[in-house]
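Biologist: I am new to this structure. Please take a close look at the spaces it encloses, and describe the parts of the fold that surround them.

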Amino acid sequence: MEGKTHMTSSCVPFPRDFVWGAATSAYQIEGGWNEDGKDPSVWDHFCHTPGHIHNGETGDIACDHYHRVSEDVALMKELGITSYRFSINWPRILPDGNGPINHTGLDFYSRLIDHLLEADIEPCVTLHHWELPLALHRRGGWLNPETAKAFSRLAEVVGKAFRGRVRRYLTLNEPQCITALGYGNGVHAPGNRTDPLTQAAVAHQLLLGHGYAVQALRSTAGTVEVGVASTGSIVCPAEDTVENRAVACDATFRCGENWTFMHSWFLDPMVLGHYPEQRPPELDAFVQSVSPDELAQICQPLDFIAANIYSGDEIDAGGRLIPRPTGWPRTALRWSVSPKSLHYGPAFLYRRYHLPIYVSENGQSCNDRIFLDGQVHDPDRIDYLQRYLLALRDAIREGVPVMGYYHWSLMDNFEWQSGYDDRFGLIFVDYANKLRRIPKDSFYAYRQIIASNGGCLNDPGNLGSRR
């Protein structure tokens, strides 16, 4: 396929079969919130409730991807990605959460997959990127054990429908956010505010749902790779020594007050078969109440771990957090620019779990705009992309089996509680002008990176050239 010829030099930094992708989620781009038999999700309801979202915005239309699939896949083909990660809007397929199938909704995703395969782009499907059916929420949501079983049904329906056409699945996206933001401080849908023990119960049902979904995919989807998209704290050593790495790795997985945002609270049960031994004392009784049978249900064999990594902290040899200096680099969302996180994050995850790694999200928000020449110039995103991919290359050179990288995101979209203020896309969405798509300079920079299999990272002067 044009734009995908990889370099053959022995100095090429990325493996020959490295997956270069981009990612989105259903609620953030699809729109069509009440069309063709779809019922509301918790995010539809949350956004329609005043006071939750910046400027009162919603995902009702979003980027209108629901009606513009062919146009968007054509842009993906122009970009040259080898894989596209997208999520299933659960109530578009099962409006009641676990009732009759809405075949019109299922057909939408089937058409998307057909378009992708025709463009030589491999689909990577996330089963749950927070679009819980409102009907399930009203029956208790992720505090009701029946929700975990309903999630198994979704996996079964999707796996059977896409058998032979989709070979890579993620069960959950960032269960940490569902737990901490959806059921902790209520910033995300469904907007619940609960105590730590209730949040632990939510996390446990998410873990059980993951285990059920893995089993369902194995039994219905044919030969597939299955993983999960985790997020959490990444702690990097300020100075790279063996001793400092050990200290930083331990800090990365130690569960303290911020346990809900740790990789280990979810990945330890999924991969190692037990909850973290380092945990807040107030959760001891809950963990000890979990039965061996439930832990066995959660700990299903996985093919890989996916990680959403954007930033990290640094510590010194004594394990002390190093304060960021005045004027430290930040994104438009005020997240720190810390490329080391894409080196040490995958390295530490592999060291603990011994599974291949995908970077399932990485990117930055920028204050993008259309310039006088009609183009969108985003040199800060290009610089971010280059720095982080060079750091990821360092991890690969050390022997970490990083299998692929998905840029977040393909296009600007609805950024949850921030509405449409924050732009992460390689493609500018002109919300004021019929949702016109404009590839940004970073789109062309990433296209060059993909075409050279990362080789052009060593010579960044022309990154973003539109030639």
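Modeller: The largest pocket holds about 800 Å³ of space; the model is a predicted one. Its lining consists of 34 residues, and those nearest the centre of the pocket are Thr-231, Phe-261, Tyr-310, Ser-311 and Trp-335. By class, this lining splits into 14 nonpolar, 14 polar and 6 charged residues.

The second largest pocket has about 280 Å³ of space. It is lined by 16 residues, with Gly-312, Asp-313, Glu-314, Arg-324 and Ser-338 closest to its centre. Here the classes are 9 nonpolar, 3 polar and 4 charged.

Next come the closed spaces. Searching the whole structure gives 3 cavities of 30 Å³ or more. The largest of these has about 90 Å³ of space, and 13 residues line it; Val-42, Trp-130, Ile-178, Ala-189 and Pro-190 are the ones closest to its centre. No charged residue takes part in this lining, which has 10 nonpolar and 3 polar residues. Two helices, H2 (42–48) and H8 (175–182), each give at least two residues to the lining of the largest cavity. H8 has the largest share, with 3 residues.

H8 itself deserves a closer look. Since 8 of the 8 residues of H8 are buried, this helix is largely enclosed by the rest of the structure. The cut-off for buried is under 20% relative accessible area. Pro-175, Gln-176, Cys-177, Ile-178, Thr-179, Ala-180, Leu-181 and Gly-182 make up the buried set in H8. Ile-178 thus belongs to the buried set of H8 and is also among the residues closest to the centre of the largest cavity. The buried residues of H8 pack against strands S3, S4 and S5 and against two helices, H9 (196–220) and H11 (263–272).

The second largest cavity has a volume of about 40 Å³. Its lining includes Thr-24, Ser-25, Ala-26, Ile-29, Glu-30 and His-65, together with Tyr-84, Phe-86, Ser-87, Phe-108, Tyr-109 and Leu-112. Helix H1 (26–29), strand S2 (83–87) and helix H5 (103–118) are the elements that give two or more residues to that lining. Of the lining residues, 7 are nonpolar, 4 polar and 1 charged.

S2 is the strand to follow from here. It is mostly covered, with 5 of its 5 residues buried. In a regular strand, side chains alternate between the two faces of the sheet. In S2, Ser-83, Arg-85 and Ser-87 point one way while Tyr-84 and Phe-86 point the other way, and all of them are buried. Tyr-84, Phe-86 and Ser-87 also line the second largest cavity.

S2 has a strand on each side. With S1 it runs parallel, joined by 3 bridges, and Tyr-84 of S2 is the bridge partner of Ala-22. With S3 the pairing is again in the parallel sense, over 5 bridges, and Phe-86 stands opposite Val-125 in S3. Two residues of the cavity lining, Tyr-84 and Phe-86, therefore appear in these bridge pairs as well, where a pair of strands is defined by at least two bridges.

These strands belong to a barrel. It is closed by 8 strands in the order S1-S2-S3-S4-S5-S7-S9-S10, with parallel pairing. From one strand to the next the twist averages 25 degrees. Further round, S5 (residues 225–230) and S7 (residues 305–308) run parallel and are joined by 2 bridges; in that pairing Ser-230 has Ala-307 of S7 as its bridge partner.

Helices pack on this sheet. Helix H7 (residues 145–161) touches strands S3 (122–128) and S4 (168–173), and its direction makes about 160 degrees with that of S3. Helix H15 (residues 379–397) lies across strands S1 (19–23), S9 (357–361) and S10 (402–408), and runs at about 165 degrees to S10.

To sum up the part with the most links: S2 has 5 of its 5 residues buried, it gives two or more residues to the lining of the second largest cavity, and it takes its place between S1 and S3 in the barrel order.

Technical notes:
Residues are numbered from 1 along each chain as its sequence is written. This is a predicted model: local features need pLDDT of at least 70, side-chain atom pairs count only at pLDDT 80 or more; totals for chains, interfaces and linings use all residues. Side-chain values use heavy atoms; hydrogens and water are left out. On a 1 Å grid over the protein atoms alone, a cavity is a set of points where a 1.4 Å probe fits but cannot get out, and a pocket is an open set with protein on both sides within 12 Å along at least five of seven lines; lining residues have an atom within 4 Å of a point. Grid points are joined across faces, edges and corners, and a volume is the space filled by probe spheres set on the points. Helices (H or I, at least four residues) and strands (E, at least two) are DSSP runs, numbered from the N terminus. Ala, Val, Leu, Ile, Met, Phe, Trp, Tyr, Cys and Pro count as nonpolar, Asp, Glu, Lys and Arg as charged, and the others, Gly among them, as polar. Axes are lines fitted to C-alpha atoms, for helices over the stretch in contact, and angles run from 0 to 180 degrees between N-to-C directions. Contact means heavy atoms within 4.5 Å. Buried means under 20% relative accessible area, exposed over 50%, partly exposed in between (1.4 Å probe, protein chains only).
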